[in-house]
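I opened the model to look up one sheet. My notes follow in the order I took them.

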Amino acid sequence: MDKKHTRSPAAPATSYSHEFWENYTLFLVKQGISHKYVTWYVLRTKQYIAYFPDDHIRIHTPQQVEEYLTKVGREVNLKAWQFGQVVDAIRILFCLALKKSWANDFDWEYWSVSAKKLDANHATVARDYTNALDGLEGLEMLEGEERCSNELYQRYQPALAEVVKVVRLKNYAMRTEQTYRGWIARFFYFHKPNDVHDLGSKEVKQYLEYLVLKRNVSVSTQKQALNALAFLFNQVWKKPLDDLGDFIGSKRPRKLPVVLSRDEVRRVFQHLKGTHHLMTGLLYGGGLRLMECVTLRILDVDFDYNQLLIRNAKGFKDRIVPLPERFKDALKQQIAFVERQHQMDLKNGFGEVYLPDALGRKYQNAAKELRWQYVFPSSGVAADPRSGVVRRHHLHETSLQKIIRRAVKQAGITKHATTHTFRHSFATHLLESGYDIRTVQELLGHSDVSTTMIYTHVLNTPGISVRSPADMM
């Protein structure tokens, strides 16, 4: 953890002697803590002990650790890596120094990695936290493309603002807005017209062919660009595109989804624990997308009917997915934890969760109600850059991605498996079990059954069903 520390604050008083802390410092060094950070680890430990002056550390409980970490997580200015250091210092105290039996079952990893805050341009909060065109100058370009000059940025800003306006009027997802805005901006920068309204079907065809011939993009990437440009002409400018004719299409085929076998899924789960084990269980057991999982709220869980309600999913469609029985108890425990954390937040003047502006205006007190809290909250809080209101968001999705990548590697699986692989595996295993394609389509939330049909291609791949001649010898 190569982070720059400022001068450490004065250490709180504890009942332990100077000699004790000198010995504990040596102990930390033996555990691999760098001399550069050991003073901070001792300080974090002292701060924890001083928070419970009436209780000897040998009788501390997991609930006390949870209470303290929740308190520290409410420090708005504490960075994620600093919070992780606090967690690690307490983990070493109870797991390695005191060797408490409960410490091995405590979900240290969740606390450590879930403190990362959502950036202002994160899809969850971007519409409410930032101007639609903030950061447009730094638009991510395709490899080899030139970044736009400030002059071009100023020239095309009004047209791009118009695109954003129409996207929002149609209530498209934030990620769709970012994608469309990006492709349309690249289209403008590629042609550099004085007036963007002079562009037409000829220029669209040229750009789509440029993506293939010069940038070697995949079929799906070229199609994504076409969809964005079709939106620009058809929905924003109300100037439908003429027939583009037979433009050069990408030759890079769409890849089949990566699917884990049931045994491989079991092996991955063996290397997951605690909250991340539960989250991965919902990805696989309900076919959830990553963001559908991390943004799940308590009111979306129905234990009586064993189902989860996925709200405003891709295409702004709600759908119902199964709640796996094997993860039911773990989910109840997670919600009980959220309730305890929420009560502590309320007691200390916090407890507000993010709600989109329209929903927040309609239900003015909802942001502090338990039912609207995220099932998988961040261990830290964040301040709204506009109003200064402190809220607890959902944990950052990259924490689960990181943990799953590590678990796949530890399981010895060489497939390129990601969080989305569990959704692919959910669909494929249902089809293998005899469920019809329409049922799987509904569970996945696909508008067109042809999208779901790709999983039948996985099942019908010749290499799977054909017996090798070498086995017939």
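I started at the hairpin of β1 and β2. Four residues lie between the strands there. In that hairpin, I read a positive phi near 55 degrees for Asn 306. The model is a predicted one, so I log this as a computed value.

Next I checked the pairing of β1. How many bridges join β1 and β2? I found two, in the antiparallel sense. Strand β2 covers residues 307–310. Asp 302 has Gln 307 in β2 as its bridge partner. Val 301 has Leu 308 in β2 as its bridge partner.

Then I went to the other neighbour. β2 pairs with β3 over four bridges, again antiparallel. Here Leu 308 turns up once more, standing opposite Val 321 in β3. So I have Leu 308 down twice: as bridge partner of Val 301, and opposite Val 321.

I stepped back to the whole sheet. It is open, has three strands, and runs in the order β1-β2-β3. Which strands are the edges? They are β1 (301–302) and β3 (319–322), each pairing on one side only.

Last, I looked at the side chains of β2. Which of them are buried? Leu 308 and Ile 310 are, and they point to one face. Gln 307 and Leu 309 point to the other face and are not buried. I noted the pattern as alternating along β2.

Notes: Residues are numbered from 1 along each chain as its sequence is written. This is a predicted model: local features need pLDDT of at least 70, side-chain atom pairs count only at pLDDT 80 or more; totals for chains, interfaces and linings use all residues. Side-chain values use heavy atoms; hydrogens and water are left out. Two strands pair if DSSP finds at least two bridges between them. Buried means under 20% relative accessible area, exposed over 50%, partly exposed in between (1.4 Å probe, protein chains only).
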